[in-house]
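Subject: Handing over a structure, with notes on what was found

Dear colleague,

Please find the structure below, followed by my notes on it. I have tried to keep to what can be read from the atoms, and I would be glad if you looked it over with the coordinates open.

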Amino acid sequence: MLTKFIKICIFIFSIIFSANCYSISGESIYNLNSKLIDRNGNESSLINLSGKVQVFSMIYTHCKTICPIIIANMKSIEKLIPEHLKNDVNFSLISLDPDRDSISTLSKFFKDKKFSNKWNLFKTNKDETLKIALAVGIKYKKEKNNEYTHSNLIIILDKNGVIKMHHQGLDKDYNQVIKKISNLCS
C-alpha cells in the first residue's frame, strides 16, 4: 500500500515538475501525447490545436456555478478580439468529467451554448485529463456529490502551445487578455 502511494506521489511530482517547466522554460503543452475526442466523436490530439492562439479552459457540462461564468467570459473575450485577428484565434474547452461528459452530452452542450465554429469541445480519459490540467495549472477535485471543485482559469496559449497568460476566469477585465492575444497574433 505504501509503495503504491509513493509511486503515485512520484508520478504526480513528475507531472507537476513538468508543468512548471512548460511555463518557465517555454515548452509547449502540445508535447503531451494526449488523445482527445471532440463533440462529434472524432479522435484528435493537442498538437492539432497548433497554428492558432488558443483561449483555453477546462470545465464540465454539468456544472451550474463556475463553468457557465468561465464560458460567458470566454465568449466576451471572443467578441472583443479585433476583427482582423479573429481567424488567428480559437477557443478550446476540455472536460474535467470524462465519465459523465459523453460525446452526445458534449454535442448537446455545444449546440445549447451556441458556440461558434471557432470553438473546440473535447474529452479524454481520466489520466490524460489530469496530465493536461497539471500542465496548464488547473487544479481540480471530484467531490462526493459528483461535482468538481476546480480552478477558474482562462489560459492563453500561443500558436505553439506555450502558456502565455493565466487569467482568472471570473475576472471581467479583459484588457490584458486582448492585448496579449493581439501581440501573439502579430
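Which side chain meets that of glutamate 128 in a salt bridge? The partner is lysine 131, with N and O 3.1 Å apart. Please bear in mind throughout that this is a predicted model. Both residues of this pair lie in helix H4, 3 residues apart, which is about one turn of the helix. Glutamate 128 is buried, with a relative accessible area of 13%, whereas lysine 131, at 21%, counts as partly exposed.

As for the overall layout, the chain has 186 residues, of which 46% count as buried. Its secondary structure comes to 5 helices and 9 strands, and, read along the sequence, these follow the pattern α-β-β-β-α-β-α-β-α-β-β-β-β-α.

**Salt bridges**

The structure holds 4 salt bridges, and besides the pair within helix H4 I would point you to two others. Lysine 126 and aspartate 99 meet through their side chains in a salt bridge, at 3.0 Å from N to O. Since lysine 126 belongs to helix H4 (residues 126–136) and aspartate 99 to the loop between strand E4 (89–95) and helix H3 (103–112), this pair ties together parts that are 27 residues apart in sequence. Aspartate 97 forms a salt bridge with arginine 100, and here the closest N and O atoms are 2.6 Å apart. Aspartate 97 has a relative accessibility of 0% and so counts as buried, while arginine 100 is partly exposed at 25%.

**Strand E5 and its neighbours**

Strand E5 (residues 119–123) has 4 of its 5 residues buried, and it is therefore largely enclosed by the rest of the structure. On one hand, E5 pairs with strand E1 (residues 35–38) in the antiparallel sense over 2 bridges, and within that pairing aspartate 38 stands opposite phenylalanine 122 of E5. On the other hand, E5 is joined to E4 by 4 bridges, and these two strands run parallel; phenylalanine 122 is here the bridge partner of isoleucine 94. Between E4 and E5 the chain passes through H3, and this β-α-β crossover is right-handed.

Serine 92 also lies in strand E4, and it is buried, with a relative accessible area of 0%. Measuring in the model from C-alpha to C-alpha, serine 92 is 6.0 Å from leucine 121, although the two are 29 residues apart in sequence.

**Aromatic rings**

A search of the whole structure finds 6 aromatic pairs. One of them is formed by phenylalanine 110 and phenylalanine 115, whose ring centres are 5.4 Å apart and whose planes are at 55 degrees, a tilted arrangement. Phenylalanine 115 also pairs with tryptophan 119, and because the planes of these two rings are at 25 degrees, with the centres 4.4 Å apart, that pair is stacked. As to accessibility, phenylalanine 110 counts as buried at 8%, and both phenylalanine 115 and tryptophan 119 are buried as well. Ring pairs link Phe91, Phe109, Phe110, Phe115 and Trp119 into a cluster. Phenylalanine 110 has a further contact, in that the charged end of arginine 39 sits over its ring, 3.6 Å from the ring centre.

**Cysteines**

How many disulfides does the structure hold? The count is 0. Cysteine 67 is in no disulfide, and the nearest cysteine sulfur, that of cysteine 63, is 3.3 Å away; a disulfide is counted here when the two sulfur atoms are within 2.5 Å. Cysteine 67 is buried, with a relative accessible area of 1%, and cysteine 185 also counts as buried, at 9%.

If you have the structure open, I would suggest starting with strand E5, which pairs with E1 in the antiparallel sense and runs parallel to E4, and then turning to the ring cluster that includes Trp119.

With best regards

Definitions and conventions
Residues are numbered from 1 along each chain as its sequence is written. This is a predicted model: local features need pLDDT of at least 70, side-chain atom pairs count only at pLDDT 80 or more; totals for chains, interfaces and linings use all residues. Side-chain values use heavy atoms; hydrogens and water are left out. Buried means under 20% relative accessible area, exposed over 50%, partly exposed in between (1.4 Å probe, protein chains only). Two strands pair if DSSP finds at least two bridges between them. A crossover is right-handed if, with the strands pointing away from the viewer, the path from the first strand over the helix to the second runs clockwise. Rings of Phe, Tyr and Trp (its six-membered ring) pair if their centres lie within 6.5 Å; planes under 30 degrees apart count as stacked, over 60 as edge-to-face and the rest as tilted. A charge sits over a ring if NZ of Lys or CZ of Arg is within 6 Å of the ring centre and within 35 degrees of the ring normal.
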